[in-house]
Structures are given as C-alpha cells and as structure tokens.
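Thanks for asking me to look this one over. Here are my notes, point by point, for you to read with the coordinates open.

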Amino acid sequence: MADDEITVAEREELLGRLESDPALAAELCDIRRIKDLLNYAYPLDGEPAGSRGFGGGVGFVRAAGVAALVAAAFVGGWSLARQDPFAEGFRLASVKSDPSRVLLYLGESDPAKFRATLEKARLLLERYRNQGTEVYVVTSAGGVDLLRKATSPVAGEIRALKERYASLHFVACNNTLFNLRKKGQPVKLVEEAEVAPSAVGFVVERLRKGWTYVAI
Amino acid sequence: MIDFCISLTLKRRFREQRKRLFRMALAWTGDSMLADDLTQECLARAWEKRHHLQEAAKLEAWLFRILHNCWMEHLRRSRPTTGLDEVPPAEEDGPDQRLERLQLAQRVRGAVARLPLGQREVITLVDLEGCRYAEVAEILEIPLGTVMSRLSRARRALKAELLHLRLPEEERRPLLRRVK
C-alpha cells in the first residue's frame, strides 16, 4: 500500500483493516516517515560541491548547511542566540530576511525553559509591537510538554499570552506526538496549540521565507 | 533530419535525468565525487548506446540500469572478489563523524550507508524514485521476490535506526510519569 503496489480491492480491504488495527496503521506510518526522511536526506536539487558540469552546487551546500544547523539545534539543543534574536538569531544569508518574524524553538522538557520561552516571546511581541511582529513557538521532542495538557505547568500563561497577542502561535511536532501516542502517553494539547507534520520541516520552510530562528 | 531531431530530444531528456541519476548514485555510493563520476559515465554510455533504447517511455529505468552497471563495474574493479551483500558498510565512528551524526540528513545518509548494498539500491529506487517493484527487478536484474525481501529488510533496518533519531530526549525519559 505504501508503494502503491496493490489493487483497488486490496487497498479497500487494507483501509478497512487500518481502522481496527493500530499496529498496521503504525507500520504504514513508519514506512511513510522513512520515505520522507530519505527524500529529506537526498533532495533532488542536491548537488555535489565542486561537481563537474553540474549547476547549483552552491545551493546544495547552502541547503545542507541549513539542514545541518537546524538539525544540530534540534538534536543537541544548540542555540545561536541568547540575547536579542533580531540581532543574533540564525537566518539564511541567501534569503531576504524579514526581521519581524521569529521562530522560537524548544526541544527540551524543562519548566525553566518553558517560562524562558514564553518570556522571550512576550518581550519580542512587546518590544517590536509596532513592527507587526509575528512569533511562532515551535516544539518537538521534550519541548512538546510545553503544550501537552498533561504536562504543561504554564497552560494558564499560554492562554493569557495568546489572548493578548494574536500574532503569537504555538506549534507541536506531529512526529513527536505520534511517538508519544505509540507509547501510550497522553497527547491532548492546550487549545492554543497547532500541529505541524514535522517541526524540522516547519522551521526549514520558514527559514527559506526569511524568518529568524532562535533555539531556547 | 528526423534523426537529428530525435537526438536533440534525447539529449534534452538525458539532461533532465542528470539530477536524479546523481541523487541515486549518491545514495548508493555515499560519495559525491564518485557519484558525479558514475553519473557522467552513465550518461556517456547511454549516449553511445542510445540506439539500443527500445521504448522511449522506459528511458528512466534504462538509465538507472546503466547507472547500476557502472556502479557494479566500479565495485568489481576495486573489489574483484566481493559479493554484493558483502560490501562493508561505511565506517563512521570517529570524533568528527560522531558530530556529523548529530545532523539529521547526515544521520539518515549514515543509516542508508550501513545497509548492505543490494538493499540500499532497492530502497532508494523505490522510496526516492518511486519505481515499481517490477521496474526495480528489471533495473537490477534480480527476481521480483528478491526486490521485496530486500526492501522489507532495508525498511526494518532503517526503522530501527531512524525511529531513534528524533527522540534522544524521550528515550531517556521514563514511560510513566506522574500527572496531576
């Protein structure tokens, strides 16, 4: 089914089974995730640096650099910016930056970081209020605990901030939620949260549009 | 005149396939310079043999088959007595490599590189190129059943590696937690 190698009748039968067979659904989902990861790791526009007779080599190096930086931040909690994200946040040099748009990334389940994230978002929205600032708090791995009803110690603060700033958004990574669900952990989110298929994809897509990225 | 037009069309179609051939060669070899060489060699050989192309609609599969043959010849030249599934995976556990493994794309490529060569070819043709199983069997000149078994083993191996990839924090956390 994942490779489109079955007949229409077989597909219908399998679709019926997927409803009642979570293990089968998880298997299918895993295969699709692997396909996504492979396509992410081997982009069609990827070209070797210094390749003979191929155009766009610089583009590949740049894209790989972005992926590497973002991935490093996601995996290791690494941060380029600790103070003013507009001054020090990470953004693509090749893209015209839009300084009023900021991504705050959170990958750890740490209440102190939860509060630091909200405070940073509040400061940004307050300080640059007149510039139409837009802030996305993007969470994955342990960071989604910020937005899970069962784990968030700051649900009230999130609600208050969201009521005050319409241009503040909270995003949880669906890949992380999927894995939590597989482990039987509750994944109900606060009402202010949105879900993106992949936090990495979400961040990379916006970096390409000129957003500034800050890891907390 | 007609031959000239056909040649021009074919040349354009070859050019259009270049990136896809390179990507596939990179996934198979893990080495961008070698992948570049194989792509060049594949296209040159395909151009020489363009009159052997029976059906224009099957150009892509035909090119991938030539690419596979170029890769096999390269392996035979460098490892004359080594079987396909015996080609050792890339070693990558030095300090620099450990740093690289932290990077998402690198980690995926590392996992692909650790697959036996036969499995690597099958899963990349299916998942990157969207080839049908029958096409893969034709390209690699292996039975359909072998395509499916290699694909299944490759997916099992990648699943084991890649599902750990994004969850270093979660894996260390207890499954049960106190929730008020």
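The points below start with confidence and then turn to chain B and the nonpolar core.

1. First, a reminder that this is a predicted model. The predictor gives the complex an ipTM of 0.71 and a pTM of 0.49. For chain B, the mean pLDDT is 77, with 71% of residues at 70 or more.

2. Where in chain B is the mean pLDDT of an element lowest, and where highest? Helix α9 (residues 168-172) of chain B sits at the bottom with 37, while helix α6 (residues 117-127) of chain B comes out on top with 93. Two stretches deserve a friendly flag. Residues 80-101 of chain B have pLDDT below 50, and beyond near neighbours in sequence this stretch makes 21 contacts in the model. Residues 166-180 of chain B also stay under 50, with 17 contacts beyond four places in sequence.

3. As for the fold, chain B contains nine helices and zero strands. Of its 180 residues, 33% are buried. Taking the contacts in chain B with a separation of 6 or more, 64% link residues 24 or more positions apart.

4. Helix α2 (residues 32-48) of chain B is worth a look. Its 17 residues span 24 Å from first C-alpha to last, close to the 24 Å expected at 1.5 Å a residue. Buried here are Ala35(B), Asp36(B), Leu38(B), Thr39(B), Cys42(B), Leu43(B) and Ala46(B). Viewed down the axis of α2(B), these buried residues lie within an arc of 165 degrees, so they line one face of the helix. As background, an α-helix has 3.6 residues a turn, so residues three or four places apart point the same way.

5. Which residues are buried in helix α7 (residues 133-140) of chain B? They are Val136(B), Ile139(B) and Leu140(B). Their arc around the axis is only 80 degrees, which puts them on the same side of α7(B). Just after α7(B), the backbone of Glu141(B) has a positive phi of about 55 degrees.

6. Finally, the largest nonpolar core has 79 residues. Those touching the most other members are Leu103(A), Leu104(A), Tyr105(A), Val138(A), Val203(A) and Leu67(B). Val138(A) makes a handy starting point for browsing: leaving aside neighbours within four places in sequence, its contacts are Leu103(A), Leu104(A), Tyr105(A), Val171(A), Ala199(A), Phe202(A) and Val203(A). In soluble globular proteins, nonpolar side chains tend to be buried together.

Key
Residues are numbered from 1 along each chain as its sequence is written. Chains are lettered from A and ligands numbered from 1 in the order in which they are written. Helices (H or I, at least four residues) and strands (E, at least two) are DSSP runs, numbered from the N terminus. The expected span of a helix is 1.5 Å times one less than its number of residues. A residue is buried if 20 or more other C-beta atoms lie within 10 Å of its own, exposed if 12 or fewer, and partly exposed in between; C-beta atoms are placed from the backbone. The arc is that of the directions from the helix axis to the C-beta atoms. pLDDT is the predictor's confidence in each residue, from 0 to 100. Two residues are in contact if their C-beta atoms, placed from the backbone, lie within 7 Å. A nonpolar core is a set of buried Ala, Val, Leu, Ile, Met, Phe, Trp, Tyr and Cys residues joined through C-beta atoms within 7 Å.
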